[in-house]
Amino acid sequence: MARWSWLGAVAIFCTVSMQGGSTTALPVRADRAATTGMVAQIALDGPIGPAAAEYFDDASQRALADGAVAIVLRLDTPGGLADSMRQIIASMLACRLPVLVYVAPGGARAASAGTYILYAGQIAAMAPATHLGAATPIQLGGTTSMPGATDKPAASSSSVEDQSAEGDDAESHKALNDAIAYIRSLAQLRGRNAPWAEQAVRGAATLTASEAAQQHVIDFVATDVADLLAKADGRQVQVGDRSVTLQLKGATVRDYAPGARTRFLAIITNPTIAYLLLLGGIFGLVLEALHPGAMLPGIVGGICLLVGLYALQLLPVNYAGLALMALGVGLLVAEAVNPSIGALGAGGLVSFVIGSVMLMKAGVPGYGVNLGVIGGLATGAAALLALIVWLVLGSRRAHQVNGDVVMITESGELLEPVSAGGEAWMMLRGERWRVHCDSALPTGARVRVVRRQGLLLWVEPG
């Protein structure tokens with residue numbers, strides 16, 4: 001009986017020891033899992049456009065497939081296109097990973113569209129010496145008036161111009177109110193300062209990093225990504241319909257660079273590159289038309305034109321500017337093919353420059369064609385036009401070197417004797433001509449051309 005009691009005590013002791021070991025081992029495994037998590041870093045530097053939207057969508061999907069626990073969206077942008085901004089925010093809201101938006105490095109900004117993206121993140125943070133704001137929308141067809149800018153005195157009289165202005169103001173107010181409602185909804189979703197968000201849209205208000213933290217526009221200021229993860233660790237955020245506690249302290253950070261397609265899209269959607277592709281395509285096809293069979297200008301021009309047109313349909317293009325550019329190129333080609341006094345060329349140059357300036361909406365941050373490129377092309381076209389006009393005017397002042405007028409004044413030598421009223425051969429300006437003479441002349445006699453009839457010259461002694 002004592003032996004069985006001793007065996008029971010040993011069994012109880014082993015069971016208790018196993019349970020104690022298991023309870024102490026579990027926290028160790030949990031801590032190891034937390035410290036070995038991977039955080040994906042996506043960098044949006046420059047204007048927000050189609051390439052940026054595609055890049056974020058692709059990188060976030062890759063991060064989810066790779067087992068990332070969160071996404072750090074490093075932001076430095078002057079703004080960009082509203083459609084691309086909304087596409088990025090839609091991807092952020094649909095993402096199954098928490099997105100930590102971080103305005104960095106020092107000197108970076110989250111202006112215009114960047115402010116909306118910052119408000120959409122589960123965590124919003126900024127590096128020191130950064131700023132955000134100035135989120136007033138700019139319409140492609142006109143400017144958005146600030147509140148109160150269109151107020152009229154009570155005694156002002158109504159007119160057609162006033163009614164037109166009121167119509168424009170109505171469109172501007174629609175866009176403004178839509179943008180205000182959008183950013184307020186993001187602020188309410190993330191529990192941030194909604195009144196200041198409205199001021200950023202309505203009055204183009206801006207804040208520094210420290211001011212944004214004080215006014216609860218962002219969650220905190222972080223010096224670097226490691227500091228960002230440390231300060232975000234333990235915070236509870238809403239990801240879709242579930243609440244998640246962030247465990248990011250000590251997590252590894254992996255950069256997700258844009259793919260080849262995204263890099264190519266970013267290059268061709270640069271307004272200046274798209275502009276040059278369009279011009280290269282047009283002039284390549286013109287050269288092929290003027291020199292049929294050259295092949296290379298036509299092939300290169302066709303490719304450039306199609307790629308340029310693809311880029312233009314992704315950009316805020318003013319089609320009136322595009323039409324003026326096409327008219328200008330047509331007039332310049334007409335001047336080169338059929339030189340005039342310069343009227344066609346001058347009109348084409350003016351139309352081309354005006355169309356180039358109007359082509360892109362310069363008010364959208366980062367989406368204006370470089371004026372230096374336009375100026376250089378305009379200067380080159382003006383120099384070519386001046387050369388053509390100078391050559392045309394010079395050719396009109398030059399002495400005539402061929403034709404009947406010049407030939408009648410020329411004289412040459414007979415290569416064989418000629419009888420009266422007969423025909424023979426003569427050498428004239430290095431060419432052999434058949435001649436008719438009313439007088440009999442020997443070989444080597446000097447004769448002068450008096451008229452031409454087809455390929456026969458009438459000559460007389462002289």
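**Exercise 1. Salt bridges**

Find how many salt bridges the model holds, and work out which parts of the chain the pair Asp178 and Arg86 ties together.

Solution. A salt bridge is taken here as a side-chain nitrogen of Lys or Arg within 4 Å of a carboxyl oxygen of Asp or Glu, and by this rule the count comes to 13 salt bridges. The structure is a predicted model, in which local features need pLDDT of at least 70 and side-chain atom pairs count only at pLDDT 80 or more, while totals for chains, interfaces and linings use all residues. Residues are numbered from 1 along each chain as its sequence is written, and side-chain values use heavy atoms, with hydrogens and water left out.

Step one is the contact itself: the side chains of Asp178 and Arg86 meet in a salt bridge at 2.8 Å, N to O. Step two is the location: Asp178 lies in helix H5 (residues 160–190) and Arg86 in helix H3 (residues 82–94), so the pair ties together parts that are 92 residues apart in sequence. Helices (H or I, at least four residues) and strands (E, at least two) are DSSP runs, numbered from the N terminus. Step three is the exposure, where buried means under 20% relative accessible area, exposed over 50%, and partly exposed in between, with a 1.4 Å probe and protein chains only. Asp178 counts as partly exposed at 43% relative accessibility, and Arg86 counts as partly exposed at 29%.

**Exercise 2. A pair within one helix and a pair between distant parts**

Compare where the partners lie in the pair Asp227 and Lys231 and in the pair Glu416 and Arg434.

Solution. The side chains of Asp227 and Lys231 form a salt bridge at 3.5 Å, N to O; both residues belong to helix H8 (residues 225–232) and stand four residues apart, about one turn of the helix. For Glu416 and Arg434, the N to O distance of the salt bridge is 3.6 Å. This pair links distant parts of the chain, with Glu416 in the loop between strand E12 (411–414) and strand E13 (422–428) and Arg434 in strand E14 (residues 431–437), 18 residues apart. Glu416 is partly exposed, with a relative accessible area of 29%, and Arg434 is partly exposed at 28%.

**Exercise 3. Two packed helices**

Describe how helix H12 (residues 319–337) and helix H13 (residues 343–359) pack.

Solution. Their axes are 7 Å apart and make an angle of about 155 degrees, where axes are lines fitted to C-alpha atoms, for helices over the stretch in contact, and angles run from 0 to 180 degrees between N-to-C directions. That angle makes H12 roughly antiparallel to H13, because angles under 35 degrees count as roughly parallel, over 145 as roughly antiparallel, 65 to 115 as roughly perpendicular and the rest as oblique.

**Exercise 4. Backbone exceptions**

Locate the cis peptide bond from Ala104 to Pro105, and state where His216 and Met295 lie.

Solution. Most residues other than glycine have a negative phi, and most peptide bonds are trans. The bond from Ala104 to Pro105 is cis, with omega near 0 degrees, and Pro105 is found in the loop between E3 and E4. His216 has a positive phi, near 60 degrees, and its place is in the loop between helix H7 (209–214) and strand E8 (220–221). Met295 has a positive phi near 70 degrees and lies in the loop between helix H10 (271–290) and H11.
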